[in-house]
Structures are given as C-alpha cells and as structure tokens.
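Me: Please take a close look at one part of this model. I want the contact region between the two chains, and what surrounds it.

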Amino acid sequence: MAELGDLYQDIILEHSKRPRNYRTLEAANRKAEGFNPLCGDHFTVYLEIGDGQIRDISFQGSGCAISKASASMMTQAVKGKRTEEAEELFQKFHHVVTGKNGTESHDDLGKLEAFAGVSEYPVRVKCATLAWHALRAALQGEAHAVSTE
Amino acid sequence: MTPAANTALRPQAAVQPDFGVNKVRADFPILARKIHGKPLVYLDNAATTQKPQAVVDSLIYYYTAQNSNIHRGVHTLSEEATASYEESRATVQRFLNAADPREIIFVRGATEGINLVAQTWGRANIRSGDEIVISAMEHHSNIVPWQILCEQQGANLRVAPVNDAGELLLDEFEKLLGPKTKLVAMSHVSNALGTVNPVRKIVEAARRVNARVLLDGAQAVPHMPVDVRAIDCDFYAFSGHKIYAPTGIGILYGKAELLEAMPPYQGGGDMISSVTFEKTLYNRLPYKFEAGTPHVSGAIGLGAALDYVNSVGLDRIARHEKQVLAYGTRRLLEIPGLRLVGTAKEKEGILSFVLEGIHPHDVGTILDQEGIAIRTGHHCAQPLMERFGVPATARASLALYNTVEEMDALVRGIEKVREVFA
C-alpha cells in the first residue's frame, strides 16, 4: 500500500511552504502559463534564455503542495542548464513520476527523485508535471497557456 | 420463465417504517467496503450517490427477465418492459407532483434536460436583445447552455449576485428583471455551497415580468420533497444518479402547454408518429422528446430509487441529514484555520471548506488514505469560486446513509492533514 510519507516527502513539504525562485523575472524573454482546470492550479513560469542556456528562471501562481514544490525544485534543477538538457530532464522526471523509470539510472535527477512517490497516486501526476509543461511551452516559445487537462 | 421464478426475481422495495441509519446503511452494499484498510466514509454524494440493493436488483431483474425494446414490440417481453418504463415515468410524476405523466421527459441527466430547454424552447422563444437571468452560484451546466443560446440568438446573460454567506441577493436579482427578461434559470440547491434558493419568491418575481423559470433540481430532489406545481416553475431538471439511481438517466419536467409548443430536440425513432420524405409528423408528449431507444434500464432503476426514497421518507431523510449537517458544521468550525465556504441559513448537506495554507487537493489525497471520499476542486462552479476568492474547495456532501460518527472521522482526517502540513 502506498504510504503518505512517500508522497509528502519532507523536501516536498518544505519547498511547498517556502518555494524558491518564487517571483516575477524582470529580464524574462519567455514565459508560459500552466493551468489545471480540474483543481484550479495555475502557474506562470518566467525564463531568461541566452545562447541556448537558461540564465534565469522563476515562477508564480497557486496550486497544491505537489505542484508548487515541483515548480520550485524545477527552477533550481534547470537554472544554468542548456535548453536541450532541460528537455532531457523533463523526460526523465516524467518517467519517474509516472513510474516508467524501469532499470534506467536517474542519478542526475538528484533531489527530483523525491517525486518518485507520485507514481503511486496517478491523479497527482498532473500536479507534479504542471510547471514542467509550462517550462516546455516557454522553451518552445508557445505563447498560449498549457493545460494538463 | 414461470410466474413463480418471475416473482422470486422481482426486487422488493425496502420498507423502513422507522428511520434508523444503520438499517439504511445495510441497504447499500458498497458501504461495507474498506479503502486503504479503513472503513469507507463516503462523503461525495453531491457528485454521485451510492446505490441501494433495491436499485441494483431492479437492473438485474430487467436484464435477466424483461430485456427488450419498448413501445413497438407486440411480444410479451416488450409489453412488460414498456410497462416498467412507463411505470417509472408515473413514479417520477408522483414524486414531483406533476399534473400529468406526459410532462415527464426521460433524459440523460440534469445537464441534458437544461440543454434540451435551451435548444428547443430557447431557440423558438429567445430573440436578439432578450435577457436570461441566472445566479452567481450556478453549476457550469446551468451557465454554458445559456451562453451557447445567447450566442446563437444575440441574447444577453445576466447574473444575480450572492452575499458572503452564499445566499442569493433577492433585491439585486429582482433589479435584473424587466421587460427583456424571458427566462430565469436557477439552481434549487447550490452544489458547491448547499444554499437552498427561495424558489417560490424567484418564480413570483419572474411572473411579474412574464419570464419563464427553469430550476436545476439536481441537488434538491435527494434531500427535500419537491412539488413542481406548488413551486409553479415551468421547467425542472434533475439527475437520477444523485438520488440513488444509475448514471445516464435524468428527468426534465415541463408544463404540458410549453412542451406541446416546443420543437423536438433530436430526430429519430420513437419521436415520430409518421414519416414520409415529404413530411414527418411528430409523436405526442412525452415521446416527441425521446428520440431513439431510451435508457430503459436506467429509467427502471430511477423508478426503483424513488420507490426506495419514498419507503424511507423524504421528510425523515431531510431531518436526519440536517442533524448530521449541524453536527458536522459545529465540529468542522472547531478546527483552527478552517473556513466554511457557504454558510446560508437555508442549507442542504454540503460542507465546502478551505484550510489555511493547505490546498484542497492535498486535503483530498490525505483523506482518501483514511478511507474518506470527498470532492476537491471548483465543483464545476468556477465563477462562484472566484466570487469567494478561492481556486478550489474541499467538499464533503451528505446523503441519507451518513452518520455523525462519519463527521467525527472527517474531523480526525482533517487533523491528520494538519499534522502532515504542520
């Protein structure tokens, strides 16, 4: 049986209470919104991209503990990364939260491994990936809001 | 099948002379389930209710002993199925105290009932510049069909506001009414707040400007006796599955003279009296609005569900639910940081709440681990959530089988939520 502690790991609770990079970004040259109409979660991800690199990233909005912590930890994980590295990280993260990680190693996921417990709660996968979908839309320059529904 | 076997299979409506909640609970087999090792505490009744054995049996009986198509067959099975289907219509008629069974249209649910009125009566009667008045507490199903109609006809939607308790502001509502008002469409009971609207006053106000009135009764019929003639509304819609019947069946009540004058909703079999390629004559009421093979088993299940509700007694159900609601309200308000959204004086069994600093979605996940099923989200009432400044709420909603002990379990569950997020 899934244990609550697997989902609400300390690091997730901590980030949900004190999200990092939680602000607008003056120098942003990309932004995208992520919206989950089912639960009302709504985030905006701001990016400053230069020479194919994420120079700075921030987010704002409201959502559940999982979606907020995920957004917060995502900003830390991709800051300074090249855009294609961020895309790769998204794929790995997605595999982890959907439980499709199999035998492949996710050493480079670091703290993001904390979200592995989400795979036991299929309805919460959308929460964990909301900000990531917004990041991806921003990277691809899609101006419209993305929805996880 | 021999008559003896036939009788053995026939479901008996449970007779409950005294309302005892444990006796009622025994009629609902699913309530014995364990969820994550804990007894199920089902508090998502405004989304859908559980089904008593009598309803399940009625479906089994229909499919094992009577299954056939209705209205056109001359064989015994078809005659029996038709009789059962029409018997259910008569049961609904009595349940709503409608004047005539022809005023009872079987539809998929309240949503389809409202859409039917919008696209038949609405297309025929709403003109450019006309106004339709709804309230700020409507479910999306009583907003969007009117938006579509307004778009089609060039009409305007007006929204009557609610106060901080979630009660309709009657004065403001009446100010919106005028010569342009052609229809008032309002929920009888709010699904997100539990507010009971003053439907008699709403109808009286609408009559003064000659507007028609549609009531969305999805959240009302399971909890209180409804008399459409006493209310004097023109249309009344509800869903079967919220009153212990199967999904996919619901009712639209309409006054016969209005239904007679309305064009059909869908074309097809059963809704015609004769068809040639030059001219089709439509069937009489209610069949004009029931194109195609209907949800026969659903209608029969709805009849069984209403028989069940009648056998327990709506007055007794209402009294019991009010006690559980009052107890649950008192207990929830003892929890620090908990805010109830929807505190109307006239209220049905809905406890919509938010916890300071904790998102409803997280509340829902943690309560589920305790075996407690509630709803979290905007409850298909996004404009209402905006009115109360919350993106979502957690909602516990009651049915006749809920107990004060389950309110205690809910409170313990919420305390657990607060521990996780402490």
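Reply: What follows starts at the interface and then moves outward.

This is a predicted model, so local features need pLDDT of at least 70 and side-chain atom pairs count only at pLDDT 80 or more, while totals for chains, interfaces and linings use all residues. Residues are numbered from 1 along each chain as its sequence is written, chains are lettered from A and ligands numbered from 1 in the order in which they are written, and side-chain values use heavy atoms, with hydrogens and water left out.

Take the interface. On the chain B side, 15 residues are in contact with 21 residues of chain A; contact means heavy atoms within 4.5 Å. About 1400 Å² is buried between the two chains, 60% of it on carbon and sulfur atoms. Buried area is the accessible area (1.4 Å probe) that two parts lose on being put together, summed over both.

The rule finds one salt bridge across this interface. B:Asp362 and A:Arg124 form it through their side chains, at 2.8 Å, N to O. The term covers a side-chain nitrogen of Lys or Arg within 4 Å of a carboxyl oxygen of Asp or Glu. Helix H13 (residues 360-369) of chain B supplies five residues, the largest share of the side that touches chain A. Helices (H or I, at least four residues) and strands (E, at least two) are DSSP runs, numbered from the N terminus. By class, that side of chain B has six nonpolar, eight polar and one charged residues. Here Ala, Val, Leu, Ile, Met, Phe, Trp, Tyr, Cys and Pro count as nonpolar, Asp, Glu, Lys and Arg as charged, and the others, Gly among them, as polar.

Now H13(B) itself. Nine of its 10 residues are buried, so the helix is largely enclosed by the rest of the structure. Buried means under 20% relative accessible area, exposed over 50%, and partly exposed in between (1.4 Å probe, protein chains only). The buried residues include B:Pro360, B:His361, B:Asp362 and B:Val363. B:Asp362 is thus named twice: it is buried, and it pairs with A:Arg124. Just after the helix, B:Gly371 takes a positive phi of about 85°.

The end of H13(B) leads to another pair. B:Glu370 and B:Lys416 meet in a salt bridge through their side chains, at 3.2 Å, N to O. B:Glu370 lies in the loop between H13 and strand E15 (372-373) of chain B, and B:Lys416 in helix H15 (residues 404-420) of chain B, so the pair ties together parts that are 46 residues apart in sequence. B:Glu370 counts as buried at 19% relative accessibility. B:Lys416 is partly exposed, at 32%.

Across the interface sits chain A. Its 149 residues are 49% buried. It has five helices and four strands, running α-α-β-β-β-α-α-α-β from the N terminus on. Among its contacts between residues at least 6 apart in sequence, 59% join residues at least 24 apart. One residue of chain A to inspect is A:Ser70, found in helix H3 (residues 65-78) of chain A. A:Ser70 is buried, with a relative accessible area of 0%. A:Ser70 touches A:Phe93, A:Phe115, A:Ala128 and A:Trp132, not counting residues up to four places away in sequence.
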